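User: I am new to this structure and would like a close look at one part of it, followed by an account of how that part sits among its surroundings.

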Amino acid sequence: MTTVASWPFAPESTFVDQLDGLYVPWNADAAPDPTLIFLNAPLAEELGFDAADLRSDAGVAMLSGNAVPDGTTPVAQAYAGHQFGGYSPRLGDGRALLLGEVVDAHGRRRDLHMKGSGRTPFSRGGDGKAAVGPMLREVIIGEAMYGLGIPTTRALAVVATGEPVARDEILPGAILTRVAASHLRVGTFQFAAATGDRGLLQRLLDHAIARHHPEAAEAANPALGLLDAVVGVQASLIAQWMLVGFVHGVMNTDNTTISGETIDYGPCAFIDAYDPDAVFSSIDHGGRYAYGNQPAIMMWNLARLAETLLPLIDEDSEAAVAAATEVLNSFPERLAAVHEPGMRAKLGLDPAAEEPGDAELAADLLALMHRHRVDHTSAFRALSDAARGQDGRFRQSFAADSEAALDIDAWLSRWVARIGDDRTAVAAAMDAVNPVYIARNHLVEEALAAVYQNDLGPFEQLLEVLAAPYAERAGLERYAEPAPSEFGETFQTFCGT
Ligand code: AMP
Ligand code: MG
């Protein structure tokens, strides 16, 4: 086996060193016949790895869990969580391990985490495994989000283990190595708070502040400062999801990060037709995590974080609740402070200068898109053509009925009056914020189906397209097109795969 002189792991894992009580040291299962099927070379480089080392036998051994890199202590992290509103006191890494931490080229400390690494003390009834398709799906959606500029965990590598895993059918097993600012979740705080060990909760608070929100250390009340910071990053994150039509699908508190990164790409999807009620997850029967519910759900999740912090906010519980409530109540306003300028930018209006009527202009367009079931991404993109004086594409994205045509005429004339005369500059600015290419469900499914036929080509091509989502390129027209309508009506995604 090839050896590698050293891997660029940080000499210490701050999580392991500081947070005894929140993990169990654990090793991955052996992978019988590992094959590297995806390596994120630019990310590897950013982390200080040599991509060639990762492709070597020693690299693949590490990425498959067959070899533990020098100086690392893999651990299964403990966390709790509200899943669809119901509390589970003990979730934790049931099929994943934290491998260690790396300080990247920008000085940022990042977790390396393996998903699909086998059973752990947190596995409950699960097999601890992951299949190739869902792990490559996580690669695609994570890279799509990264390309869009939205905070996200990213995939460093996927290794096919050579072991079959039993789902509805037998599928090839895989391990995904994920890179995250950290894996601290609202559920981590819930777990720590539920132990009743005040010292542990305090250590977790200190660790989270140092790692993600150092400004909170300077606050008069650091626990409240952390809550305030997490409310801020999550408000911004959800606003960004809404602007691109992203539906996370499983916004449980264990899938809500303290860092503000999007995490856990399971049943997530981008909407085609604009619809606040859009739900893709096969198990989200009540629509709890529907597209339009995401802001309210995040506020609910942050309230669960606030509850865990109350004893550290104030000894007097009434005072603690009052202070935490005030911070939580800033969430809608802070979301709007990102969403409204973002929406103005999508419309070609100055994000920094709101004028009376702008909010209505945006809301009216969304209402029209909803009523006529218009493809969200292509309609916004086509609007920049309209700014250039060619409104054909925009009109075509609406149904060709006369009612829609009248609605669009009325809306377009208001919009044209508002965007001013420098149309070329307006259109260019719109193109910089309205993606041409998103990870459309039918394209993702097509790429994954090909992978199961041993053809990685469509997967790799899709990643290439999604790496530059704002730059329209000749020859990629099919990646910009909405799904065939039959597809959109029936598409479902699955959790726990
Ligand atoms: P997720 O829906 O991926 O956020 O997972 C929720 C919880 O279920 C976490 O505690 C996971 O570790 C656990 N889990 C999901 N899939 C499996 C599996 N195949 N085996 C064991 N645990 C799992
Ligand atoms: Mg999860």
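Where is the place of Arg373?

Analyst: The place of Arg373 is the loop between α12 and α13 (376-387); helices here are DSSP runs of H or I with at least four residues, strands are runs of E with at least two, and both are numbered from the N terminus. The model is predicted, so local features need pLDDT of at least 70 and side-chain atom pairs count only at pLDDT 80 or more, whereas totals for chains, interfaces and linings use all residues. Residues are numbered from 1 along each chain as its sequence is written, chains are lettered from A and ligands numbered from 1 in the order in which they are written, and side-chain values use heavy atoms, with hydrogens and water left out.

Arg373 has a phi near 50 degrees, a positive value in a residue other than glycine. Because its relative accessibility is 44%, Arg373 counts as partly exposed; buried means under 20% relative accessible area, exposed over 50%, and partly exposed in between, with a 1.4 Å probe and protein chains only.

Helix α12, which borders this loop, also takes part in a salt bridge. Such a bridge is a side-chain nitrogen of Lys or Arg within 4 Å of a carboxyl oxygen of Asp or Glu. Side chains of opposite charge can pair when their charged atoms come close. Asp364 pairs in this way with Arg414, the closest N and O atoms being 2.9 Å apart. Asp364 belongs to helix α12 (residues 358-371) and Arg414 to helix α15 (residues 402-419), so the pair links parts of the chain 50 residues apart. Asp364 is partly exposed because its relative accessibility is 32%, and Arg414 is partly exposed at 37%.

Helix α15 contributes again through Asp409, which forms a salt bridge with Arg395 in which the closest N and O atoms are 2.8 Å apart. Here the link runs from helix α15 to helix α14 (residues 392-396), across 14 residues of sequence. Asp409 is partly exposed, with a relative accessible area of 36%, and Arg395 counts as partly exposed at 29%. In addition, salt bridges that share partners join Arg381, Asp385, Arg388, Arg393, Asp431 and Glu472 into one network.

Over the whole structure, a search finds 38 salt bridges. One of them joins the side chains of Asp272 and Arg440, at 2.9 Å from N to O. Asp272 lies in the loop between β12 (269-270) and α9 (294-313), and Arg440 in the loop between α16 (423-431) and α17 (441-452), so this pair ties together parts that are 168 residues apart in sequence. Both Asp272 and Arg440 are buried.

A second residue with a positive phi is Asp264, whose value is near 65 degrees although the residue is not glycine. Asp264 is located in the loop between β11 (246-247) and β12, and it is buried because its relative accessible area is 16%.

Asp264 also leads to ligand 1. Of the 17 residues around this ligand, those that come nearest are Gly92, Gly94, Arg124, Gly128 and Asp264; a residue counts as near if one of its heavy atoms lies within 4 Å. The shell divides into two nonpolar, seven polar and eight charged residues. In this division Ala, Val, Leu, Ile, Met, Phe, Trp, Tyr, Cys and Pro are nonpolar, Asp, Glu, Lys and Arg are charged, and the others, Gly among them, are polar.

Three side chains make polar contacts with the ligand, that is, pairs of N or O atoms within 3.5 Å. Asp127 places a polar side-chain atom 3.0 Å from a nitrogen atom of ligand 1, and an N or O atom in the side chain of Arg95 is 3.2 Å from a nitrogen atom of the ligand. Asn255 has a polar side-chain atom 3.1 Å from an oxygen atom of ligand 1. Taken alone, ligand 1 exposes 480 Å², of which the protein buries 86%; accessible areas come from the Shrake-Rupley method with a 1.4 Å probe, and for residues only the protein chains shown count as cover. Ligand 1 lies between domain 1 (2-183) and domain 2 (198-497), because both give residues to its shell; the domain bounds come from an automatic or database assignment.

Notes. A polar contact is a pair of N or O atoms within 3.5 Å; within protein, one must be able to donate a hydrogen and the other to accept it, and residues adjacent in sequence count only if both atoms are side-chain atoms.
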